[in-house]
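Visitor: I am new here. Please show me the structure, and let me ask how each label is earned.

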Amino acid sequence: MELRHLRYFTTVAEYGSMRMASDRLHISQPAISRQIHDLEAELRVQLFDRTARGLVLTRAGERYLIEVHRILSMIEAAGRSARMVMEGKSGRLAVGLVEIASWEGLIPAALGEFRRRHEAVDLHLHPATTPELLRAVEDGELDGAFVYAFDPLPETIASTRLTQHGVVLAVPQNWHGNTRADVSARDLVDEPFVTFQRAVYPTYYDHLIQACACAGLTLRVVQEMSSEAAMLSLVSADVGLAVVNSCNRWRAPSRVTFLALSDLAVALPLSFVRLAGNSNPALTHFEEILKRAATEMPTGEHLFPQS
C-alpha cells in the first residue's frame, strides 16, 4: 500500500464515480479502478458497492474513510511541522548561561525578543558555570551558551564577543571601613575575604588573584564557597569581604553594599559560543536577534552598572 492508494480512495469516495475521480486526479479511469481494486484486495475488505447510480461506500468503507482522513491530516501536519523546523519557526533550542549575567541587560532582552518572535520554538535555558557550559556546547548538549571565556577556545567552537562586565567589592552593610563610592585595593590588606573555590573556574580564579596581587592586595582568605551567591551570604553575615561580578548590583542582598575598586579592574568578557557546525535553524534566528540586541545596547551599560 502506498500513499497514492489512500488519496485515490478518498477522491473516489468523495465523487462516487471512477470517471469523475479520474477527471479530478488527471489519471486514466482504468488506472484508478485498478488501484482501488488492489487496495481492496490488500485490505481483504470491500470498500464500495457498485450500483447503477455509481459507487457507494460499504459500512467498512465508511469506517476506513474516517481513518484515512485522520491519517492524511496527520501526514499533512507532519509536513508543516518539518517545514517550520527547517525555517526555524519551530523545534527546540537549548541555551546555557551564567546565571548572574542574565538578570539584566543584553541576555534577558535577547531571550525575551526571541520568545516573542518564535513562540513555537521550545526554548530550554540551562544555568551553569562557564567551564560546565563550554563542555556542554562541545558535547552537543547545548546549542549555544553565554559564557565568560578566559581560556582559548577549541577550533570547533565559534564565539561572538558581546560585552564586558567588571568586578566590585562586596562589604557588609555595617562595615567599619570606608563606604564612599570607591575604595583602594591596597587599603584592604588586613581585611578577611571570602572567595570562590578555585575548582569552580581555575582560569578566572588565577586571573583574579593575580590582578589583586598586581594592585598590592594579597587576599587573606577565611572561607571558600562554591558560588558567588554563597559568598554574598557570608558577606551578609559579616564573615568577610568579597570581590564579585559587578552584575551582582542588579540583585543586591539587603545586608550587602557594593563599592567600586579604584585601583583594581578585572575585565569579564561576555561571549556567546556555539559549535561551528551547528545547523539548527532556530539557533541562527536567535543569533540574529542577539547581535541586533547587542548593537542597540547603550555603550558601557554592562561594564559597571550603577546601583
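Guide: What follows is a short round of questions about a predicted model.

Visitor: How do you know how far to trust the chain?
Guide: Look at pLDDT, the predictor's confidence in each residue, from 0 to 100. The protein chain has a mean pLDDT of 88, and 93% of its residues reach 70 or more.

Visitor: What makes residues 300–307 a stretch to read with care?
Guide: Their pLDDT stays under 50. Where pLDDT is low, predicted coordinates should not be read in detail. The model does have 24 contacts for this stretch beyond four places in sequence.

Visitor: What sets the protein chain apart from a compact globule?
Guide: Its radius of gyration. A compact globule of 307 residues would have one near 19 Å, while the protein chain has 32 Å. The box tells of the dimensions too: the C-alpha atoms fill roughly 105 × 35 × 35 Å along the principal axes.

Visitor: What is the chain built from, and how much of it is buried?
Guide: The secondary structure comes to nine helices and 13 strands. Of the 307 residues, 45% count as buried. As for contacts with a separation of 6 or more, 75% of them join residues 24 or more positions apart.

Visitor: How do you know whether the span of α1 fits its number of residues?
Guide: Set the reach against the expected span. Helix α1 covers residues 3–15, which is 13 residues. The expected span is 1.5 Å times one less than that number. That gives 18 Å, and α1 reaches 19 Å from its first C-alpha to its last, so the two are close.

Visitor: What comes right after α1?
Guide: Gly16 follows, with a positive phi near 65°.

Visitor: Why is His5 called buried or exposed?
Guide: Buried means under 20% relative accessible area. His5 has 10% relative accessibility, so His5 counts as buried. This residue lies in helix α1. Beyond four places in sequence, His5 touches Gln35 and Leu39. Other buried residues of α1 include Leu6, Tyr8 and Phe9.

Visitor: Why is His26 called buried or exposed?
Guide: Exposed means over 50%. His26 has a relative accessible area of 74%, so His26 is exposed. Its place is in the loop between α2 (18–25) and α3 (29–43).

Visitor: What makes the phi of His26 worth a remark?
Guide: Most residues other than glycine have a negative phi. His26 is not a glycine, yet its phi is positive, about 60°.

Visitor: What about Arg44?
Guide: Arg44 also is not a glycine and has a positive phi of about 60°. It is found in the loop between α3 and β1 (48–51). At a relative accessible area of 77%, against a cut-off of 50%, Arg44 is therefore exposed.

Visitor: Why are β8 and β11 called edge strands?
Guide: Start with the sheet. It is open, has four strands in the order β8-β12-β7-β11, and its pairing is mixed. Both β8 (182–183) and β11 (242–245) pair on one side only, and they are the edge strands.

Visitor: How do you know that β7 and β11 pair?
Guide: Pairing needs at least two bridges. Strand β7 (residues 167–172) and β11 have four, in the antiparallel sense, so they pass. Leu169 stands opposite Val243 in β11.

Visitor: Which helix packs on this sheet?
Guide: Helix α8 (residues 228–236) does, touching β7, β11 and β12 (256–261). The direction of α8 makes about 140° with that of β11.

Key. Residues numbered from 1 in each chain as written. Predicted model: local features only at pLDDT ≥ 70, side-chain atom pairs only at ≥ 80, totals over all residues. Heavy atoms only, no water. Buried < 20%, exposed > 50% of the residue type's maximum accessible area, 1.4 Å probe, protein only. Contact = heavy atoms within 4.5 Å. Axes fitted to C-alpha atoms, helices over the stretch in contact; angles between N-to-C directions. Rg over C-alpha atoms; globule rule 2.2 N^0.38 Å.
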